[in-house]
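Q: Please take a close look with me at one single part of this structure, and go through it slowly enough for a first-year student to follow.

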Amino acid sequence: MKITVSVIGIGLIGGSLAAALKQQPEDYEVVGYNRNASAIDEALKRRIIDRAVSSPEEAASVADVIFIAVPVRKIPEYVIRAAKSAKKGAIITDVGSTKANIIAEVEPHIPEGVHFIGGHPMAGSERTGVSSANPSLFKNAHYLLTPTDKTDMAAYKKLHSMLTSVGANVLAIDPQKHDQAVAIISHLPHMVAAVLMNLASSETSDTENILMLAAGGFKDTTRIAAGSPRMWVDICLDNREAIIYSIEKISNMLDILRHAINKGDRDKIKDMLERAQSARLNLPSVLGKEMGRLYELYIPVTDRPGVISDITLTVGQLGINIEDIEILHATEVSGTIRLTIPEKENADKAARALTERGYEVDLRTVE
Ligand code: NAD
């Protein structure tokens, strides 16, 4: 059955999503809208989209699934416009790097029968625009979804499957926790890279260009500073509180380090560096990891909003990727959710956490 997917905002992320979906064996018709015609021309030429439409409303009205991939500050407006024109049963999702404000702003405007699920692919690059779009961008990357107690089970499952099919590891996370987590692992590193780059540039004098000496370490640490300033201003302002909190935290830590260096406190300095070294060496890596054996968790549920967010967030909090979600309906109001999870250890942990939340979980090995 043909699924029509509209992508509103054909830039790096929107273009990559469109390109990734076009490579799938499923019959996806990808419709594109972009406010600049040049991106649309390029997307058509590269066959990233099947056809273009001239307004976000038109893009929304023809689609089963709508991706909003415009800058963060414009996302609420575009979601709300799309929601007004979307078909009953349509799913709208965004790709914004921040979540809590967007969700709070749009959820009251989503009409009955239309589903909004916030999303954030943890993939990207410092480049922008459709010319950098890459169909492999989401392979092995985390893709965060932020279900809430309003999230419809079947809609979540459909979006989860679509994103898994493009190679992403889909994780559910609470919107507020999302913003706090990305402030530390994505937004703060960007701020630090920018400050470091500015420091090195400002220390470059007429007589000495210290940047000429920059080697691998400096280049690795500052690579992300080449990202789009416009996008990052949006992110700073939208995730203001969490970013300020993380800047304060890192300032305190730098102060402690400065103090230790000033005092010549060898043990303190060594301790800080050793803790960082050990944490960095243990950094979990999903890239290139073989998927372990699959396990299935069967969870009987009543079909009510809130169930899917509760289950997926419980598993997501453990950092465990759900490979597949299936909803096996017994009756109109009750059924069984089947989660497929790679690796025994993860399946056990997920089953334990769900049991603690009061679910009856039947764990089986996939033969
Ligand atoms: P991009 O600049 O490559 O694409 C942005 C798209 O939005 C372009 O097609 C542009 O024409 C369109 N656009 C710009 N201003 C607009 C406006 N005022 N109204 C309507 N459309 C407008 O940027 P991108 O990296 O694809 O970012 C898009 C979204 O993806 C952002 O919300 C960003 O937070 C999110 N995101 C980016 C990355 C990343 O690393 N680049 C990663 C994850 C999520």
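What is the relative accessible area of Glu326, and is this residue buried, partly exposed or exposed?

A: The model is predicted, so local features need a pLDDT of at least 70 and side-chain atom pairs count only at pLDDT 80 or more, while totals for chains, interfaces and linings use all residues. Residues are numbered from 1 along each chain as its sequence is written, and side-chain values use heavy atoms, with hydrogens and water left out.

Glu326 has a relative accessible area of 24%, so this residue is partly exposed (buried means under 20%, exposed over 50%, and partly exposed in between, with a 1.4 Å probe and protein chains only). The side chain of Glu326 meets that of Lys157 in a salt bridge, at 3.7 Å from N to O (the rule asks for a side-chain nitrogen of Lys or Arg within 4 Å of a carboxyl oxygen of Asp or Glu). Because Glu326 lies in strand 10 and Lys157 in helix 6 (residues 153-165), this pair ties together parts that are 169 residues apart in sequence (helices, H or I with at least four residues, and strands, E with at least two, are DSSP runs numbered from the N terminus). Lys157 itself has a relative accessibility of 17% and therefore counts as buried.

The setting of strand 10 is an open sheet, in which four strands follow the order 10-11-9-12 with antiparallel pairing (two strands pair if DSSP finds at least two bridges between them). Strand 10 (324-329) and strand 12 (362-365) stand at the edges with a single partner strand each, and so one side of each is left without a neighbour in the sheet. From one strand to the next, the twist averages 25° (axes are lines fitted to C-alpha atoms, for helices over the stretch in contact, and angles run from 0 to 180 degrees between N-to-C directions).

Further into the order, strand 9 (residues 294-302) pairs with strand 11 (residues 334-342) in the antiparallel sense, over nine bridges, and Glu296 has Thr340 in strand 11 as its bridge partner. Helix 12 (residues 307-316) packs on the sheet, where it touches strand 9, strand 10 and strand 11, and its direction makes about 20° with that of strand 11 (contact means heavy atoms within 4.5 Å). Helix 13 (residues 344-356) lies across strand 9, strand 11 and strand 12, and runs at about 15° to strand 9.

A salt bridge also joins Asp362 and Arg364, whose closest N and O atoms are 3.0 Å apart. Asp362, at 34% relative accessibility, counts as partly exposed, and Arg364, at 38%, counts as partly exposed too.

To place this part in the chain, one can turn to the domain assignment, which gives domain 1 (3-173), domain 2 (178-281) and domain 3 (294-365); such bounds come from an automatic or database assignment. Between the C-alpha centres of domain 1 and domain 3 there are 25 Å, and the contact takes 18 residues from domain 1 and 23 residues from domain 3. About 1500 Å² is buried between domain 1 and domain 3, with carbon and sulfur atoms giving 66% of that area (buried area is the accessible area, with a 1.4 Å probe, that two parts lose on being put together, summed over both). Across this interface of domain 1 and domain 3 the rule finds one salt bridge, whereas a search of the whole structure finds 20 salt bridges.
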